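The following paragraphs lead the reader through one protein model, moving from its strands to its pocket and then to single residues. Please keep the sequence and the structure in view while reading.

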Amino acid sequence: MGGSRIRKSTAVIILIIACVCFLVLVYFKVIKLNHPGGIKGADISAYQGDIEWDVLSKKLDFVYIKATEGSSFTDEKFEYNWKNSRTTDLTVGAYHFFSYDSSGEAQAQHFIKTVGITEGMLPPAIDVEFYGDYIKNPKSADEVKNDLKDMISALETYYGTKPVIYCTSKAYRLYGDIFGDCPLWIRNVYFMPIGRDWTFWQYSDTGELSGYSGEEKYIDLDVFEGSSSDFDKLKIKTVQ
């Protein structure tokens with residue numbers, strides 16, 4: 001009897017240790033659980049450095065390129081990336097990093113002036129996450145609401161389609177009601193998003209592909225939720 005209890009206790013301890021080790025390996029991304037199929041893409045910025053678009057495009061269907069941030073900052077590689085990515089078969093879109101320190105209208109106009117509009121491009125995307133002091137002390141929804149709604153409205157008016165909202169889980173919890181019915185681009189590098197509809201899913205921030213040589217060795221990987229016809233419907237069809 002005593003030996004049986006010891007064996008059972010030992011088995012439980014081993015199982016607990018194995019589970020803890022597994023979770024640690026998942027947390028540090030040694031083990032990756034996300035391996036979605038479908039229409040694949042990436043989002044890039046100057047951190048990926050000089051990109052060989054003919055090489056990078058071979059493993060992707062679409063790409064979102066960082067264009068702007070706040071009301072005045074433009075990604076130093078945007079013009080090059082925007083021009084050269086569109087010589088490939090990739091479907092291309094541009095994204096804006098939302099600032100809590102600038103008016104939504106000013107941010108929208110900066111993006112519009114920088115990116116313009118091109119037939120076949122993906123809808124503009126607004127990256128809503130946290131930076132600096134806002135990581136620990138985020139603004140309330142009431143403080144963010146007017147500027148974010150102003151930016152969404154201005155982009156929708158110019159591009160003729162609702163912008164995509166990229167958000168972390170924390171940003172969604174705080175500001176999800178402000179996003180309205182904008183398509184969602186959810187970041188979850190551990191598990192598939194559940195409990196909400198999404199259009200894009202950033203499923204990895206530790207992707208490694210050929211074709212770039214910047215200070216950042218990894219590249220963010222994304223997947224579209226839907227069919228090829230759904231993806232085509234998302235593209236901007238008319239140019240002003």
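Two strands are said to pair if DSSP finds at least two bridges between them. By that criterion, strands S7 and S8 are paired, in the parallel sense and over three bridges. One of the residue pairs concerned links tryptophan 185 to phenylalanine 200, its bridge partner in S8. The coordinates in view belong to a predicted model, and the features described below are computed from it.

In overall terms, the protein has seven helices and nine strands. Buried residues account for 45% of its 240 residues. Among contacts with a separation of 6 or more, 67% are made by residues 24 or more positions apart.

The description may continue from S8 to its other partner. S8 and S9 pair in the antiparallel sense over five bridges. Glycine 207 stands opposite isoleucine 219 in S9, and tryptophan 201 stands opposite valine 223 of that strand. Valine 223 also has lysine 40 opposite it. S9 is joined to S1 by five bridges, and these two strands run antiparallel. How many residues of S8 and of S9 are buried? In S8, eight of the eight residues are buried, so this strand is largely enclosed by the rest of the structure. In S9 the count is five of six, and S9 is therefore largely enclosed as well.

A second group of strands is arranged around S5, which spans residues 125-128. In a regular strand, side chains alternate between the two faces of the sheet. In S5, Ala125 and Asp127 point one way, while Ile126 and Val128 point the other way. All four of these residues are buried. Strand S4 (residues 91-97) runs parallel to S5 and is joined to it by three bridges. Tyrosine 95 has alanine 125 of S5 as its bridge partner. Between the two strands the chain passes through helix H4 (residues 104-115), and the resulting β-α-β crossover is right-handed.

Strand S6 (residues 164-167) also runs parallel to S5, with four bridges joining the two. Alanine 125 appears here again, with valine 164 as its bridge partner in S6. The connection from S5 to S6 involves helix H5 (residues 141-159), and the three elements make a right-handed β-α-β unit.

Attention now turns to the open space in the model. Rolling a probe the size of a water molecule over the atoms shows where empty space is left. The largest pocket holds about 660 Å³ of space. Which residues lie nearest the centre of this pocket? They are Ser45, Tyr47, Lys66, Tyr95 and Asp220, out of 25 residues that line the pocket. The elements giving two or more residues to the lining are S1 (39-44), S2 (62-69), S4, S7 (184-187), S8 (200-207) and S9 (219-224). Strands from both of the groups described above are therefore represented, S4 and S8 among them. By class, the lining comprises ten nonpolar, three polar and twelve charged residues.

Three individual residues complete the account, each placed by its accessibility and by a position distant in sequence. Alanine 141 is found in helix H5. Is alanine 141 buried, exposed or partly exposed? Its relative accessible area is 27%, so alanine 141 is partly exposed; the buried class would require a value under 20%. Beyond its neighbours within four places in sequence, alanine 141 is in contact with Leu174, Tyr175 and Ile178. The C-alpha atoms of alanine 141 and leucine 174 are separated by 6.2 Å, although the two residues are 33 residues apart along the chain.

Glutamate 52 is found in the loop between S1 and helix H2 (53-56). Glutamate 52 counts as partly exposed because its relative accessibility is 48%, and the exposed class begins only over 50%. From C-alpha to C-alpha, glutamate 52 and asparagine 81 are 9.4 Å apart in space and 29 residues apart in sequence.

Lysine 233 belongs to helix H7 (residues 228-234). With a relative accessible area of 66%, lysine 233 is exposed. Its C-alpha atom is 9.8 Å from that of glycine 120, a residue 113 positions away in sequence.

Notes:
Residues numbered from 1 in each chain as written. Predicted model: local features only at pLDDT ≥ 70, side-chain atom pairs only at ≥ 80, totals over all residues. Heavy atoms only, no water. Buried < 20%, exposed > 50% of the residue type's maximum accessible area, 1.4 Å probe, protein only. Right-handed = clockwise from strand over helix to strand, strands pointing away. 1 Å grid on protein atoms, 1.4 Å probe; cavity = no way out; pocket = protein on both sides within 12 Å on 5 of 7 lines; lining within 4 Å. Points joined across faces, edges and corners; volume = space filled by probe spheres on them. Nonpolar A, V, L, I, M, F, W, Y, C, P; charged D, E, K, R; others polar. Contact = heavy atoms within 4.5 Å.
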